[in-house]
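Please work through the exercises below with the sequence and the model open beside you. Each task is followed by a solution that goes step by step.

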Amino acid sequence: MDVYHSLKAMGVFDYWFFDELFFACLGGLLLARLLVNPFVKSVPGIHFFVKVIWFAGSVAFQVQFLADKPWVPFYMGGPRQFDDSSVWDEDASVDVIYKIGFAFHLHNAIVDLILGAKAAFHIHHVVTLALILKSQASGYQRFGACVFLIHDIPDVFTALTKAVIPLKIKPLSVVSGVCLLVTWAVCRLYILSWMVYDVYSTMKDDFMPPFVGMLVTLESLHLYWFIMIIKVFAKFKGSGNIKDTTEPEGRLEDVKPDTKQD
């Protein structure tokens with residue numbers, strides 16, 4: 001408690017993301033990883049079930065938060081058209097979504113940096129964190145909240161798929177895999193393409209070109225991973241398992257197809 005009050009007196013919590021909610025989310029996520037890590041071998045996929053719970057809760061909160069907002073764009077089911085610039089208005093009420101999202105992506109970057117990950121994932125982390133910080137600093141929280149949602153929806157099924165594959169229950173793996181492919185294609189490719197065009201067409205800021213560039217970088221990575229995922233499921237026969245590789249997260253491209261004959 002003394003440390004907490006000392007940090008508060010120093011003004012650490014005066015920054016938009018350095019507050020109790022942010023540190024609670026970041027600390028909770030890192031603690032959860034430490035707690036489940038000893039059980040990963042005995043209970044395969046346990047850390048992915050933790051992510052399923054996180055993303056499901058996050059998506060539920062975001063959907064409820066954005067449900068009645070007039071600035072949600074039409075390509076996400078909202079009323080806003082391109083001639084409405086209200087999505088670029090500063091809105092501090094959206095900071096709660098930013099703090100939760102920033103905590104998760106920072107935790108993910110830390111874990112991947114410590115345990116090791118492919119270059120593409122580090123690029124994704126850097127671009128994502130840069131977009132979060134810059135969009136909040138520029139007052140574009142509303143648009144950023146929409147980006148968070150369309151990224152988190154597929155992550156529910158990405159985590160679920162990686163969690164159920166080690167269970168070797170083929171119907172469950174197939175259902176979760178189909179949901180993954182559909183949500184990934186709709187959210188991270190189709191809707192994100194609309195978002196890139198939206199930024200290019202309606203954002204009146206000198207930062208527009210690099211903003212578009214970072215979104216295009218994310219979409220390029222999403223397309224690359226989507227192709228990899230399709231290849232995995234195209235080869236997937238029967239039950240599979242996550243290979244123990246240097247990829248700590250058990251990426252879907254590390255799923256080993258079952259080569260046994262039925």
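The exercises that follow concern a predicted model, and they go from the chain as a whole to single helices, internal spaces and individual residues.

**Exercise 1. The chain as a whole**

Task: State how many helices and strands the protein chain has, in which order they run, and what share of the residues is buried.

Solution: Begin by counting the elements, which gives eight helices and two strands in the protein chain. Next, read them from the N terminus on, where the order is α-α-α-α-α-α-α-α-β-β. Then turn to burial: of the 262 residues of the protein chain, 48% count as buried. Finally, consider the contacts with a separation of 6 or more, of which 73% are between residues 24 or more positions apart.

**Exercise 2. Helices α4 and α5**

Task: Compare the end-to-end span of α4 with its expected value, and do likewise for α5.

Solution: For α4, the 21 residues should span 30 Å at 1.5 Å a residue, and because the end C-alpha atoms are 30 Å apart, the two values agree. For α5, which has 19 residues, the first and last C-alpha atoms are 27 Å apart, close to the 27 Å expected at 1.5 Å a residue.

Task: Describe how far α4 and α5 are covered, and what follows each of them.

Solution: In α4, 15 of the 21 residues are buried, and this helix is therefore described as mostly covered. In α5, the buried residues include A120, F121, H124, H125, T128, L131, I132 and S135. As a point of background, residues three or four places apart on an α-helix point the same way, because there are 3.6 residues a turn. The cover over the buried residues of α5 includes α4, α6 and α8. Past the ends of the two helices, G116 follows α4 with a positive phi near 100°, and G139, just after α5, takes a positive phi of about 85°.

**Exercise 3. An enclosed space and an open one**

Task: Characterise the second largest cavity by its volume, its lining and the elements that supply that lining.

Solution: The count of cavities of 30 Å³ or more comes to three, and the second largest cavity holds about 180 Å³ of space. Its lining is made up of 15 residues, of which T128, L131, I132, G144 and V147 lie nearest its centre. Of these, T128, L131 and I132 also belong to the buried residues of α5. At least two lining residues each come from α4 (95-115), α5 (119-137), α6 and α8 (208-235). By chemical character, the lining of the second largest cavity divides into nine nonpolar, six polar and no charged residues.

Task: Do the same for the second largest pocket, and name the element that gives the most to its lining.

Solution: The second largest pocket contains about 160 Å³ of space. Among its 13 lining residues, V63, L66, V72, M76 and L149 are the closest to its centre. Two or more lining residues are given by each of α3 (46-66), α6 (141-164) and α7 (170-202), and α6 gives the most, with three residues. The lining of the second largest pocket consists of 11 nonpolar residues, one polar and one charged.

**Exercise 4. Cysteines**

Task: Determine how many disulfides the model contains, and whether C25 and C187 are buried or exposed.

Solution: A disulfide is a covalent bond between the sulfur atoms of two cysteines. With a cut-off of 2.5 Å between the sulfur atoms, the count comes to zero disulfides. C25 has a relative accessible area of 12%, which is under 20%, so C25 is buried. C187, with a relative accessible area of 7%, is buried by the 20% limit too.

**Exercise 5. Residues far apart along the chain**

Task: For H47, E20 and V178, give the helix, the burial class and the C-alpha separation from a partner distant in sequence.

Solution: H47 is placed in helix α3 and counts as buried because its relative accessibility is 11%. Its partner A159 is 112 residues away along the chain, with 8.9 Å between the C-alpha atoms of H47 and A159. E20 lies in helix α2 (residues 20-36) and, at a relative accessible area of 37%, is partly exposed. E20 and K99, 79 residues apart in sequence, have C-alpha atoms 9.8 Å apart. V178 belongs to helix α7 and is partly exposed, its relative accessible area being 44%. The C-alpha atoms of V178 and F233 are separated by 9.2 Å, although their positions lie 55 residues apart along the chain as a sequence separation.

Terms used
Residues numbered from 1 in each chain as written. Predicted model: local features only at pLDDT ≥ 70, side-chain atom pairs only at ≥ 80, totals over all residues. Heavy atoms only, no water. Buried < 20%, exposed > 50% of the residue type's maximum accessible area, 1.4 Å probe, protein only. 1 Å grid on protein atoms, 1.4 Å probe; cavity = no way out; pocket = protein on both sides within 12 Å on 5 of 7 lines; lining within 4 Å. Points joined across faces, edges and corners; volume = space filled by probe spheres on them. Helix = DSSP H or I, 4+ residues; strand = E, 2+ residues; numbered from the N terminus. Nonpolar A, V, L, I, M, F, W, Y, C, P; charged D, E, K, R; others polar. Expected span 1.5 Å × (residues − 1). Contact = heavy atoms within 4.5 Å.
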